[in-house]
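How do the parts of this chain fit together, and what surrounds its ligand? The report below takes the ligand site, then the domains, then local details.

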Amino acid sequence: MRIVLPEGTEERTLQAADILIKEKIAHIILLGNPEEILSGAGKFNLSNIEKATIIDPRNHPDIDRYVDMMVELRKHKGLTHEEAGKLIRDPLYLATLMIKAGDADGEVAGAMNSTGDVLRPAFQFVKTRPGISVVSGAFIMILNDREYGEDGVLVFADCAVHPDPTESELAEIAVATAGTTRAIAGFEPRVAMLSFSTKGSASHPMVDKVINATRIAREMAPDLQIDGELQADAAIVEKIGQSKAPGSSIAGNANVLVFPTLECGNIAYKLVQRLARAEAVGPVLQGMAAPINDLSRGCSVSDIVNLVAITATQASDK
Ligand code: ACO
C-alpha cells in the first residue's frame with residue numbers, strides 16, 4: 001500500500017520511514033523539500049530513504065489537477081481557485097488530495113501538527129464512508145495485566161476526535177469500533193457502553209444518552225454483542241459485572257469500551273497508559289472514506305511505524 005507521510009522532513013518520521021521501507025511494510029511517499037529530506041537521511045544514516053517516493057509540495061506536477069478537484073469538491077462552500085492554489089502547497093492538504101485522486105492509499109501525520117490541522121483537510125476532501133456521519137478515534141490498549149479484556153487487550157473509543165457525540169453518533173462510534181476491533185485487534189468485540197450508571201442505578205439525561213445509543217447500535221448491527229449502560233468496573237471486572245448487571249453477557253467480560261464523550265475517552269486512555277504502563281496503539285481513525293491516521297506530537301519512532309502498519313492494513317482491507 002502507498003502511504004503518504006506529509007511531515008517528510010521531520011526526524012522521527014524519517015527514521016520510521018527507513019524502518020518501514022526496510023521491513024517492506026508499505027511503499028512510503030514523503031512530502032517535503034527533497035534536499036532537506038535527503039540531508040536528514042544522510043545525518044541519521046538512513047540508507048533506505050532513497051527508495052521512498054519524495055514529492056516537493058511546491059513543484060508537484062499534478063497541482064493543477066488537484067486544485068480543480070478541490071474547487072469542484074468545495075464549490076458549495078465557495079472555495080475559489082486562488083484559495084485552493086494556496087491550500088494545496090500545505091502538505092497536509094496535498095496528502096488528502098493525493099488520496100482522493102487515487103495516487104496514495106493512506107496517510108499518517110501529526111508528529112508536528114495538531115489533531116485539528118491533520119483532520120480538517122481529511123474531513124473536507126476525503127470525507128466519511130457511505131452510511132457513516134462521524135469520524136472517531138480508537139486506541140488498542142495493551143495491558144501488562146492479562147486479567148482484563150481479551151487476554152489483556154482492550155479497545156477504547158472515542159479518545160481522539162468528536163467532543164460530544166449525540167446518541168446516534170455514539171451508536172455509530174460503537175459499531176465502527178467493533179469493526180476496528182475485528183480488523184486491527186483481531187478478536188470478536190464485546191462492547192460495553194460506559195456511563196456513571198449501571199442498568200438504572202442513576203437517572204440523568206447523560207445516562208439516557210448512553211441507553212439510547214445502545215439501543216440504536218443494536219438496531220444498526222443486530223449481531224453485535226453490546227450492552228449498556230455500564231460503569232467501567234461493571235464492564236471489565238467479572239464479579240462486579242455479575243452483581244451489578246446480572247444476566248448481561250458483556251458485564252465483567254467486555255473487551256471494547258465506548259466512552260460517552262471525548263473528555264472521558266481521552267482522559268481514560270492517557271491515565272491507563274501512564275498509571276498502568278499500558279501500550280496505547282493509535283488513535284486508529286474510523287469512519288473516514290480512506291485510512292488517515294493522526295499521531296500524537298509526543299510520538300516515538302515506533303509509534304509511527306505501528307500506525308503506518310495499521311494504516312496499510314486498513315488500506316488493504318478497503
Ligand atoms: N466526523 C466527520 N466530519 C466531521 C467531524 C467528525 N467527527 N467533525 C467535523 N467534521 C466536518 C464538518 O462536518 C465540516 O465539514 P464541512 O466543512 O464539509 O461542512 C468540517 O469537518 C469542519 O467542521 P467544523 O465543525 O468546522 O470542525 P472543526 O474544524 O472546527 O473541528 C475537529 C473539527 C478539529 C476534529 C474538532 O472536532 C476537534 O478539535 N476535535 C478534538 C480533537 C482533539 O483535540 N483531540 C484530542 C487530542 S488527540 C489525542 O490525544 C490522541
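In this predicted model, 21 residues lie around the ligand. R74, R120, V135, A160 and V161 come nearest. Three polar approaches to the ligand can be set side by side.

| Residue | Protein atom | Ligand atom | Distance |
|---|---|---|---|
| K77 | polar side-chain atom | oxygen | 2.9 Å |
| A160 | backbone N or O | nitrogen | 2.8 Å |
| V161 | backbone N or O | nitrogen | 2.9 Å |

K77 uses its side chain, and its partner is a ligand oxygen atom. A160 uses a backbone atom, and its partner is a ligand nitrogen atom. V161 also offers a backbone N or O atom to a ligand nitrogen atom. A160 and V161 thus appear in the table and are also among the residues that come nearest to the ligand.

Next, the domains. The assignment splits the chain into domain 1 and domain 2. Domain 1 is built from two segments, 2-127 and 290-317. Domain 2 covers 136-279. The domain centres, taken over C-alpha atoms, are 31 Å apart.

How many residues make the contact between the two domains? Eight residues of domain 1 touch five residues of domain 2. The size of an interface is often given as the accessible area lost when the parts come together. Here domain 1 and domain 2 bury about 420 Å² between them. Carbon and sulfur atoms give 67% of that area. On the side of domain 1, L119, I310 and D317 lose the most area to domain 2. Together these three residues account for 45% of what that side buries.

What of charged and polar pairing across the interface? The rule finds zero salt bridges between domain 1 and domain 2. The count of residue pairs in polar contact between these domains, both residues at pLDDT 80 or more, is also zero.

Which helices of domain 1 face domain 2 with at least two residues each? They are α6 (115-126) and α12 (301-317). The largest share comes from α12, with five residues. By class, this side of domain 1 has three nonpolar, four polar and one charged residues.

Now salt bridges over the whole structure. The total is 16. One of them joins the side chains of R65 and D103, at 2.8 Å from N to O. R65 sits in helix α3 (residues 63-74), while D103 sits in the loop between α5 (91-100) and β4 (106-109), so the pair ties together parts that are 38 residues apart in sequence.

The backbone has some notable points. Where are the cis peptide bonds described here? One runs from A157 to D158, with omega near -15°. D158 belongs to the loop between β6 (153-157) and α7 (167-185). Another cis bond runs from G228 to E229, with omega near -5°. E229 is placed in strand β8 (residues 225-230).

N45 deserves a separate look. Its phi is positive, about 55°, although N45 is not a glycine. N45 lies in the loop between α2 (34-43) and β3 (53-55).

Terms used
Residues numbered from 1 in each chain as written. Predicted model: local features only at pLDDT ≥ 70, side-chain atom pairs only at ≥ 80, totals over all residues. Heavy atoms only, no water. Domains from an automatic or database assignment. Contact = heavy atoms within 4.5 Å. Buried area = accessible area lost by both parts, 1.4 Å probe. Salt bridge = Lys/Arg side-chain N within 4 Å of Asp/Glu carboxyl O. Polar contact = N/O pair within 3.5 Å; in protein donor to acceptor, adjacent residues only side chain to side chain. Helix = DSSP H or I, 4+ residues; strand = E, 2+ residues; numbered from the N terminus. Nonpolar A, V, L, I, M, F, W, Y, C, P; charged D, E, K, R; others polar. Near = heavy atom within 4 Å.
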